[in-house]
Amino acid sequence: LLQAICERDDLDYVEREDDGAVCQVNGRPKTIGTWALAELVLGGAEFAALRANLDYWLGLRNLVAHRYLPELDVLVVPEAQALLLNYESVLSVEFGDEASLGDRLAVPLHLSGFRSDAHRSSLADLQAKLPVDVNDYLSRHRQEQPEEIRRDAAYSLRVFLVAVAANRE
């Protein structure tokens, strides 16, 4: 998506040698890294929470690459939901509603029940199974964000359900 925006806006997003020559990989121009692309395309203050979410995922990807950690899944749902909605939002804003995936992609929200003591205990058990470096990363990244970023749905989308009794449909 970031590369598509660069292409459309005729922004240079290839790595260059000190002399200005384009770096090549297997005969093709080497693009700048994902973070550099994000800063190029989404550098404004209005994208601070989105960039914090992307930073979260890039760091986590680098940390857990080639590791099997199924217990991680439930612990990253708020950030995953935010990442998906960020992608959809940028895609629609930059390329119009016709590019939207919303009507072609069904993505369920993660519903983890109504926070019973047993549920909290099972989440703690999952966290205990994660390697220390991964647990530390998750905690550290979240704590390092300013309060306004942590509360922004572009960083982490947390949904709370409130049961309401109704006397009709």
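A residue counts as buried when its relative accessible area is under 20%, and Y56, at a relative accessible area of 0%, is therefore buried. The structure described here is a predicted model, and Y56 is a useful place to begin reading it. This residue is among those with the most contacts inside the largest nonpolar core, and ring pairs link Y56, W57, Y137 and Y155 into a cluster.

**Aromatic pairs**

- A pair of aromatic rings is described by the distance of the centres and the angle of the planes, and a search of the whole structure finds three such pairs.
- The rings of Y56 and Y137 have centres 6.2 Å apart and planes at 35 degrees, so this pair is described as tilted; it links distant parts of the chain, since Y56 belongs to helix α3 and Y137 to helix α6, 81 residues apart.
- Y56 and Y137 are both buried.
- Y56 also pairs with Y155, this time edge-to-face, with 6.3 Å from centre to centre and 80 degrees between the planes; here the link runs from helix α3 to the segment after α7 (147–150), where Y155 lies, 99 residues apart from Y56.
- Y155 has a relative accessible area of 1%, and it is therefore buried as well.

**Nonpolar cores**

- The largest nonpolar core has 17 residues, and those with the most contacts inside it are Y56, L60, L72, V76, L130, V134 and L138.
- The elements that give two or more residues to this core are α3 (48–64) and α6, and α3 gives the most, with six residues.
- L60, once its neighbours within four places in sequence are left aside, is in contact with L72, V76, V134, Y137 and L138.
- A second, separate core has 13 residues, among them L2, I5, L37 and L54.

**Salt bridges**

- Side chains of opposite charge can pair when their charged atoms come close, and in this model the count comes to nine salt bridges.
- One of these joins the side chains of E79 and R142, at 2.8 Å from N to O; because E79 lies in helix α4 (residues 77–95) and R142 in helix α6 (residues 132–144), the pair ties together parts that are 63 residues apart in sequence.
- Both partners of that bridge are buried, E79 with a relative accessibility of 0% and R142 with a relative accessible area of 19%.
- Within helix α6, the side chains of E144 and R140 meet in a salt bridge of 3.9 Å, N to O, and these two residues are four residues apart, about one turn of the helix.
- E144 counts as exposed at 54% relative accessibility, whereas R140 is partly exposed, with a relative accessible area of 42%.
- Salt bridges that share partners join R8, D9 and E94 into one network.

**Surroundings of R8**

- R8 forms a salt bridge with D9 through their side chains, at 2.7 Å from N to O.
- R8, at 38% relative accessibility, counts as partly exposed, and D9 is likewise partly exposed, with a relative accessible area of 37%.
- The charged end of R8 also sits over the ring of F95, 5.0 Å from the centre of that ring.

Note on methods:
Residues are numbered from 1 along each chain as its sequence is written. This is a predicted model: local features need pLDDT of at least 70, side-chain atom pairs count only at pLDDT 80 or more; totals for chains, interfaces and linings use all residues. Side-chain values use heavy atoms; hydrogens and water are left out. A salt bridge is a side-chain nitrogen of Lys or Arg within 4 Å of a carboxyl oxygen of Asp or Glu. Buried means under 20% relative accessible area, exposed over 50%, partly exposed in between (1.4 Å probe, protein chains only). A nonpolar core is a set of buried Ala, Val, Leu, Ile, Met, Phe, Trp, Tyr and Cys residues joined through side-chain atoms within 4.5 Å. Contact means heavy atoms within 4.5 Å. Rings of Phe, Tyr and Trp (its six-membered ring) pair if their centres lie within 6.5 Å; planes under 30 degrees apart count as stacked, over 60 as edge-to-face and the rest as tilted. A charge sits over a ring if NZ of Lys or CZ of Arg is within 6 Å of the ring centre and within 35 degrees of the ring normal.
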